[in-house]
Amino acid sequence: MPDGAADYRPQWVALTVIFWITTLPNRIGVFWAFFAGLMLDVVTGSLLGRHALSFSVMGYLTVELEQRIALFRAWQQAVSIWLILTVERLLSLWVLSATNQPTPALSYWTATFVSMLLWPWFAIVLRGIVRRLDLT
(Lines give C-alpha, C1' and ligand atoms only; values in the text may rest on other atoms or scores of the structure.)
Protein backbone atom coordinates (compact mmCIF):
# COMPACT_ATOMS: atom_id res chain seq x y z
CA MET A 1 0.00 0.00 0.00
CA PRO A 2 1.50 3.40 -0.92
CA ASP A 3 2.48 5.75 1.89
CA GLY A 4 -0.22 8.24 0.86
CA ALA A 5 -2.87 5.68 1.63
CA ALA A 6 -1.47 4.84 5.08
CA ASP A 7 -4.14 6.88 6.84
CA TYR A 8 -6.85 4.86 5.12
CA ARG A 9 -5.34 1.53 6.12
CA PRO A 10 -7.72 -0.45 8.34
CA GLN A 11 -6.60 -1.23 11.85
CA TRP A 12 -6.04 -4.92 11.07
CA VAL A 13 -4.30 -5.82 14.33
CA ALA A 14 -6.96 -4.14 16.44
CA LEU A 15 -9.75 -5.75 14.40
CA THR A 16 -8.13 -9.15 14.80
CA VAL A 17 -7.77 -8.72 18.56
CA ILE A 18 -11.39 -7.61 18.88
CA PHE A 19 -12.58 -10.54 16.78
CA TRP A 20 -10.72 -13.11 18.88
CA ILE A 21 -11.90 -11.56 22.15
CA THR A 22 -15.52 -11.66 20.98
CA THR A 23 -15.16 -15.18 19.57
CA LEU A 24 -13.11 -16.84 22.31
CA PRO A 25 -13.69 -14.68 25.41
CA ASN A 26 -12.55 -17.43 27.79
CA ARG A 27 -9.18 -17.79 26.07
CA ILE A 28 -8.36 -14.34 24.69
CA GLY A 29 -8.56 -11.21 26.83
CA VAL A 30 -6.81 -8.08 27.98
CA PHE A 31 -3.40 -9.76 28.31
CA TRP A 32 -3.45 -10.83 24.67
CA ALA A 33 -4.54 -7.36 23.65
CA PHE A 34 -1.63 -5.91 25.63
CA PHE A 35 0.77 -8.40 24.04
CA ALA A 36 -0.51 -7.62 20.52
CA GLY A 37 -0.12 -3.90 21.20
CA LEU A 38 3.40 -4.43 22.51
CA MET A 39 4.31 -6.44 19.42
CA LEU A 40 2.82 -3.71 17.23
CA ASP A 41 5.01 -1.17 19.03
CA VAL A 42 8.09 -3.29 18.40
CA VAL A 43 7.29 -4.03 14.75
CA THR A 44 6.36 -0.46 13.83
CA GLY A 45 9.12 1.14 15.89
CA SER A 46 6.67 3.42 17.68
CA LEU A 47 7.00 4.55 21.27
CA LEU A 48 7.13 1.40 23.40
CA GLY A 49 3.87 1.07 25.26
CA ARG A 50 1.84 3.38 23.04
CA HIS A 51 -0.20 0.63 21.42
CA ALA A 52 0.15 -1.67 24.41
CA LEU A 53 -1.75 0.81 26.58
CA SER A 54 -4.42 1.61 24.03
CA PHE A 55 -4.89 -2.06 23.07
CA SER A 56 -5.20 -3.02 26.75
CA VAL A 57 -8.04 -0.54 27.22
CA MET A 58 -9.56 -1.64 23.91
CA GLY A 59 -9.34 -5.27 25.08
CA TYR A 60 -10.95 -4.41 28.40
CA LEU A 61 -13.84 -2.61 26.68
CA THR A 62 -14.29 -5.52 24.31
CA VAL A 63 -14.32 -8.05 27.15
CA GLU A 64 -16.90 -5.98 29.01
CA LEU A 65 -19.12 -5.48 25.95
CA GLU A 66 -18.54 -8.87 24.29
CA GLN A 67 -21.91 -10.40 25.25
CA ARG A 68 -23.83 -7.34 24.11
CA ILE A 69 -21.91 -7.07 20.85
CA ALA A 70 -22.64 -10.72 20.06
CA LEU A 71 -26.38 -9.99 20.15
CA PHE A 72 -26.19 -7.04 17.77
CA ARG A 73 -26.87 -7.10 14.05
CA ALA A 74 -23.89 -6.72 11.73
CA TRP A 75 -24.24 -2.95 11.29
CA GLN A 76 -24.70 -2.47 15.04
CA GLN A 77 -21.59 -4.53 15.67
CA ALA A 78 -19.71 -2.38 13.18
CA VAL A 79 -20.75 0.80 15.01
CA SER A 80 -19.73 -0.76 18.34
CA ILE A 81 -16.37 -1.72 16.89
CA TRP A 82 -15.97 1.82 15.57
CA LEU A 83 -16.55 3.24 19.07
CA ILE A 84 -14.00 0.86 20.58
CA LEU A 85 -11.47 1.68 17.85
CA THR A 86 -12.08 5.39 18.39
CA VAL A 87 -11.25 4.99 22.09
CA GLU A 88 -8.09 3.14 21.08
CA ARG A 89 -7.14 5.98 18.75
CA LEU A 90 -7.91 8.59 21.41
CA LEU A 91 -5.57 6.89 23.88
CA SER A 92 -2.89 6.57 21.24
CA LEU A 93 -3.28 10.27 20.42
CA TRP A 94 -3.07 11.10 24.13
CA VAL A 95 0.22 9.20 24.38
CA LEU A 96 1.53 11.08 21.34
CA SER A 97 0.57 14.40 22.91
CA ALA A 98 2.03 13.47 26.30
CA THR A 99 5.37 12.64 24.71
CA ASN A 100 5.50 15.81 22.58
CA GLN A 101 5.16 13.89 19.34
CA PRO A 102 3.64 15.74 16.37
CA THR A 103 -0.12 15.59 16.25
CA PRO A 104 -1.36 13.57 13.28
CA ALA A 105 -3.55 15.10 10.61
CA LEU A 106 -7.31 14.83 10.63
CA SER A 107 -7.03 11.85 8.29
CA TYR A 108 -5.73 9.93 11.34
CA TRP A 109 -9.35 9.13 12.14
CA THR A 110 -10.28 7.69 8.75
CA ALA A 111 -8.75 4.32 9.64
CA THR A 112 -11.49 3.84 12.24
CA PHE A 113 -14.19 4.46 9.62
CA VAL A 114 -12.53 2.13 7.11
CA SER A 115 -12.24 -0.52 9.82
CA MET A 116 -15.91 -0.07 10.70
CA LEU A 117 -16.92 -0.55 7.07
CA LEU A 118 -14.78 -3.68 6.74
CA TRP A 119 -15.81 -5.26 10.05
CA PRO A 120 -18.82 -7.31 8.77
CA TRP A 121 -16.79 -8.93 5.97
CA PHE A 122 -13.73 -9.33 8.16
CA ALA A 123 -15.82 -11.11 10.82
CA ILE A 124 -17.47 -13.37 8.22
CA VAL A 125 -14.11 -14.48 6.83
CA LEU A 126 -12.62 -15.14 10.25
CA ARG A 127 -15.75 -16.96 11.46
CA GLY A 128 -15.43 -19.24 8.44
CA ILE A 129 -11.85 -20.01 9.45
CA VAL A 130 -12.94 -20.65 13.05
CA ARG A 131 -15.62 -23.08 11.86
CA ARG A 132 -13.29 -24.81 9.43
CA LEU A 133 -10.62 -25.29 12.09
CA ASP A 134 -13.22 -26.06 14.80
CA LEU A 135 -11.64 -23.62 17.26
CA THR A 136 -14.70 -22.97 19.42
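I will start with a crossing: helix H3 and helix H4 cross in a right-handed way. Before going on, note that this is a predicted model.

H3 covers residues 50-71 and H4 covers residues 74-98. Their axes are 9 Å apart, and the packing angle is about 160 degrees. An angle over 145 degrees counts as roughly antiparallel, so H3 is roughly antiparallel to H4.

Which residues make this contact? From H3 they include Leu-53, Phe-55, Met-58 and Leu-61, and from H4 they include Ile-84, Leu-85, Leu-91 and Ser-92. Sorted by type, the contact residues of H3 with H4 are 15 nonpolar, six polar and two charged.

Take Ser-92, which sits in helix H4. Is Ser-92 buried or exposed? Its relative accessibility is 1%, so Ser-92 counts as buried. Setting aside neighbours within four places in sequence, Ser-92 is in contact with Arg-50, His-51, Ser-54 and Tyr-108. Arg-50, His-51 and Ser-54 also appear on the H3 side of the contact with H4.

Next, H1 and H4. Their axes come within 11 Å and cross at roughly 120 degrees. That angle makes H1 oblique to H4. This crossing is right-handed. On the H1 side the contact is made by Ala-14, Leu-15 and Ile-18, and on the H4 side by Ile-81, Ile-84 and Leu-85. Here the split is six nonpolar, no polar and no charged.

Leu-85 has come up in both contacts. Apart from residues up to four places away in sequence, Leu-85 touches Gln-11, Ala-14, Leu-15, Ile-18, Met-58, Thr-112 and Ser-115.

That leads to the core. In soluble globular proteins, nonpolar side chains tend to be buried together. In this model the largest nonpolar core has 24 residues. Which residues have the most contacts inside it? They are Val-17, Ile-18, Phe-19, Phe-55, Met-58, Leu-85 and Trp-119. The elements giving two or more residues to this core are helix H1 (12-23), helix H2 (30-44), H3, H4 and helix H5 (110-133).

Last, one residue of helix H2, Val-30. With a relative accessibility of 32%, Val-30 counts as partly exposed. Not counting residues up to four places away in sequence, Val-30 touches Ser-56, Gly-59, Tyr-60 and Val-63. How far apart in space are Val-30 and Gly-45? From C-alpha to C-alpha they are 22 Å apart, with a separation of 15 residues in sequence.

Key:
Residues are numbered from 1 along each chain as its sequence is written. This is a predicted model: local features need pLDDT of at least 70, side-chain atom pairs count only at pLDDT 80 or more; totals for chains, interfaces and linings use all residues. Side-chain values use heavy atoms; hydrogens and water are left out. Axes are lines fitted to C-alpha atoms, for helices over the stretch in contact, and angles run from 0 to 180 degrees between N-to-C directions. Helices (H or I, at least four residues) and strands (E, at least two) are DSSP runs, numbered from the N terminus. Angles under 35 degrees count as roughly parallel, over 145 as roughly antiparallel, 65 to 115 as roughly perpendicular and the rest as oblique. A crossing is left-handed if the near helix is turned anticlockwise from the far one by less than a right angle, and right-handed if clockwise. Contact means heavy atoms within 4.5 Å. Ala, Val, Leu, Ile, Met, Phe, Trp, Tyr, Cys and Pro count as nonpolar, Asp, Glu, Lys and Arg as charged, and the others, Gly among them, as polar. Buried means under 20% relative accessible area, exposed over 50%, partly exposed in between (1.4 Å probe, protein chains only). A nonpolar core is a set of buried Ala, Val, Leu, Ile, Met, Phe, Trp, Tyr and Cys residues joined through side-chain atoms within 4.5 Å.
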